[in-house]
Amino acid sequence: MLRIIVCFLLLSYISSAWAKPQELHVGVLANWGDQQAIARWTPMMDYLNEQVPDTHFNVYPGNFVALNQAMESGEIQFIITNPGQYLYLSNQFPLSWLATMRSRRHNGATSAIGSAVIVKADSEYRTLYDLKNKSVAASDPHALGGYQATIGLMHKLGMDSKNYFKEIHFLGFPLDPLLYQVRDGNVDAAITPLCTFEDMVARGLIKSEEYRILNPSKPKGFDCQCSTHLYPNWSFAANESVDNELSKAITQALMKLPSEHPAAITAQLKGWTSPISQLAVIQLFSELHVENSDVNRWDTLLKWLKDNRHWGILAVFLFVVATVYHLWIEYRFHQKSESLVASERQLKQQEIALEKLQSAAMIGEIGAGLAHEINQPIAAITSYSEGALMRLENKHQMDKDTAIELLGKIHQQSTRAGEVVHRIRGLLKRKEAVMVDVNILTLVDESISLLKLELARNDIRIDTNTQGEPFFITADRVGLMQVLINLIKNSIDAISEQTQPVQSKPAQGKIVISMHFKEHQVDVQIIDNGPGLPQNSDALMATFFTTKENGLGLGLAICNEVMKEHEGTFRLDNREDEITGCVATLGLKKRGSQQKVVS
């Protein structure tokens, strides 16, 4: 029996939880204050609760700013407002009209939003032109029925609305203070929504004979006087979070609302109809876009400062403190700047010295190659000159052509020796990068020639291959040659120092220099069949890190820096095929290319 009772209670609880209605909030523009808006629209919410099952609608009153924030934070799913605010919100959030209000007091009109410009009855103002350089009051810069409709009329009359009035006081909601400001002489005129004047007279708040409406007109079927054109009435809109079936059910409920239903009477409407065109409002907004944006931001700032004076004072105080602190920090920084600059210069000099040291060490290692390269042209010069002397000593006649040919060969060999010395001196004397047009094919050949004897001594074969159509690059010729020599020398050292037998290692050491010319860059790969990388490539590129017994740990670090100067890439990897070894990859820009080098 106890189990049956527990199961019954549990089922009752679950059923009540499932039957809990969905809470929905409808934002409503509160022209006459929040309490009036709640009283006006609560019966409409009750009607929707009856017509749409499993829902519970709540009124969320507010001004333009409050409703915008509520829509952004997701506190409201629907909104009842004028087309002006709808268009403003629709630029930020996906909204859709469900229905447009039919005004009860204007025989069901769907265009019932406009403005009335009101002055004192005994004032000298007769038209809008008389209000130039005068003070006016309005509810809000976003109010279509009020400020925006009036500014639209002024545009059509050729007035510069931005500089027309001496000052504009935006008083917000409710609307009563607008006419009180005119009554008390604080402003010369008030820009009010349609029927504001008549409503206040009907409630006994003001006397009609004390005021006058400028540019008055009363459209057919309307009970109120208007100074401007009329725009579409308020509408009921939903945001994208609302389910389509729910929107459809709400639209059907609004459309079948009888004109004499208590909800319609309390809400001061004669029912709802299908959404009408907003073209007139869109055209008005396109004319007022810039002005509205500027006025709104300035007015919002002034209103915030007025309502939050203590925070404003605190903000000013913090700004002053921050400014003083910033000046103090700048002063301290200025004091230290000379020391920092001197330290930077010293580090730069040390960097250049270390680079020279690396270059000198490299030249010492290839000294034998240098001697070999120079000995060949010197031996040839000696041979040619000795032959000529012997012929002259033996008094053999030597014709002019033979003499010219002999001297040409001597000159050719001396030039060759001078080029070898020049290349070596360039490596030693390198200071700052000098960017010129460089043929990478020629640079690779010259680098190989400097290491020819070293390659022969270690029985290492070096091959080159080219893919794509060759082109020039813009580079520091000496710096790039130093990178190539350094990497080739590293491969030679790695192959020659490989003492442990490797099953897949070929009988002869081999280095392959591959150049792949792409659309915007050339990739140069130096591939060897040595033992491969002993550690992570980042560690190997660190300054003063070396795996050689007599190494300085500068070679790869300098290579990395030189490639950064060229806005290129430098990468070290192990070979991925069945042969062990290392692959050094350089990426360099094509001459004149603005594309970033892809690693």
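## A stretch listed as transmembrane

Let's start with residues 311-329, which an unreviewed UniProt entry lists as a "transmembrane region". In this predicted model, the chain over residues 311-329 is 100% helix and 0% strand. The C-alpha atoms at the two ends of that stretch are 26 Å apart.

## Two nonpolar cores

Now look inside the model. Which residues have the most contacts inside the largest nonpolar core? They are Trp-41, Met-44, Phe-78, Phe-236, Ile-250 and Trp-272, in a core of 89 residues. Pick out Ile-250 as an example: leaving aside neighbours within four places in sequence, Ile-250 is in contact with Leu-48, Val-52, Phe-57, Phe-78, Leu-98 and Phe-236. Apart from this core lies another one, of 41 residues, and its members include Val-483, Ile-485, Ala-584 and Leu-588.

As background, nonpolar side chains tend to be buried together in soluble globular proteins.

## Aromatic rings that meet

Rings are a friendly thing to search for on screen. The count comes to ten aromatic pairs. One of them is formed by Phe-57 and Phe-78, a tilted pair at 6.0 Å centre to centre, with 50 degrees between the planes. This pair links distant parts of the chain, since Phe-57 is in strand E2 (residues 55-62) and Phe-78 is in strand E3 (residues 78-81), 21 residues apart. Are these two residues buried or exposed? Both Phe-57 and Phe-78 are buried.

Phe-64 and Phe-173 form another tilted pair, with 5.8 Å centre to centre and 45 degrees between the planes. Phe-64 lies in helix H3 (residues 64-73), while Phe-173 lies in the loop between E8 and H7, so the pair ties together parts that are 109 residues apart in sequence. Phe-64 counts as buried because its relative accessible area is 2%, and the cut-off for buried is under 20%. There is also a cluster, in which ring pairs link Trp-41, Phe-57, Phe-78, Phe-236 and Trp-272.

## The sheet from E6 to E10

Next comes an open sheet of five strands with mixed pairing, in the order E8-E7-E9-E6-E10. At its edges are strand E8 (167-170) and strand E10 (211-214), and each pairs on one side only. On average, neighbouring strands here are turned by 30 degrees against each other, direction ignored. Within the sheet, strand E6 (residues 115-120) and strand E9 (residues 189-193) run antiparallel and are joined by four bridges. To find one bridge, look for Ser-115, whose partner in E9 is Pro-193.

Helix H7 (residues 176-183) packs on this sheet, where the helix touches E6, strand E7 (135-138), E9 and E10. The direction of H7 makes about 160 degrees with that of E9. The loop between E8 and H7 holds Pro-174. What is the peptide bond from Phe-173 to Pro-174, cis or trans? That bond is cis, with omega near 0 degrees.

## The sheet with E15 and E19 at its edges

Another open sheet of five strands has mixed pairing and the order E15-E17-E18-E20-E19. E15 and E19 stand at the edges with a single partner strand each, so one side of each is left without a neighbour in the sheet. Neighbouring strands of this sheet are turned by 15 degrees against each other on average, direction ignored. Strand E17 (residues 509-517) and strand E18 (residues 521-528) run antiparallel, joined by seven bridges. In one of these places, Phe-517 has Val-522 as its bridge partner in E18. Helix H15 (residues 440-450) packs on the sheet, touching E15, E17, E18 and strand E20 (582-589), and the direction of H15 makes about 165 degrees with that of E17.

## Two loop residues with positive phi

Finally, visit two loops. Asp-459 is found in the loop between helix H16 (452-457) and strand E15 (460-467). Its phi is near 55 degrees, a positive value in a residue other than glycine. Asp-459 counts as partly exposed because its relative accessibility is 47%.

Glu-567 sits in the loop between helix H19 (555-565) and strand E19 (569-574). The phi of Glu-567 is near 55 degrees, again a positive value in a residue other than glycine. Why does Glu-567 count as exposed? Its relative accessibility is 52%, and exposed means over 50%.

Technical notes. Residues numbered from 1 in each chain as written. Predicted model: local features only at pLDDT ≥ 70, side-chain atom pairs only at ≥ 80, totals over all residues. Heavy atoms only, no water. Core = buried A, V, L, I, M, F, W, Y, C linked by side-chain atoms within 4.5 Å. Buried < 20%, exposed > 50% of the residue type's maximum accessible area, 1.4 Å probe, protein only. Contact = heavy atoms within 4.5 Å. Pairing = 2+ DSSP bridges. Axes fitted to C-alpha atoms, helices over the stretch in contact; angles between N-to-C directions. UniProt positions renumbered as here; feature names shortened; annotations may be inferred. Phe/Tyr/Trp six-rings, centres within 6.5 Å; stacked < 30°, edge-to-face > 60°.
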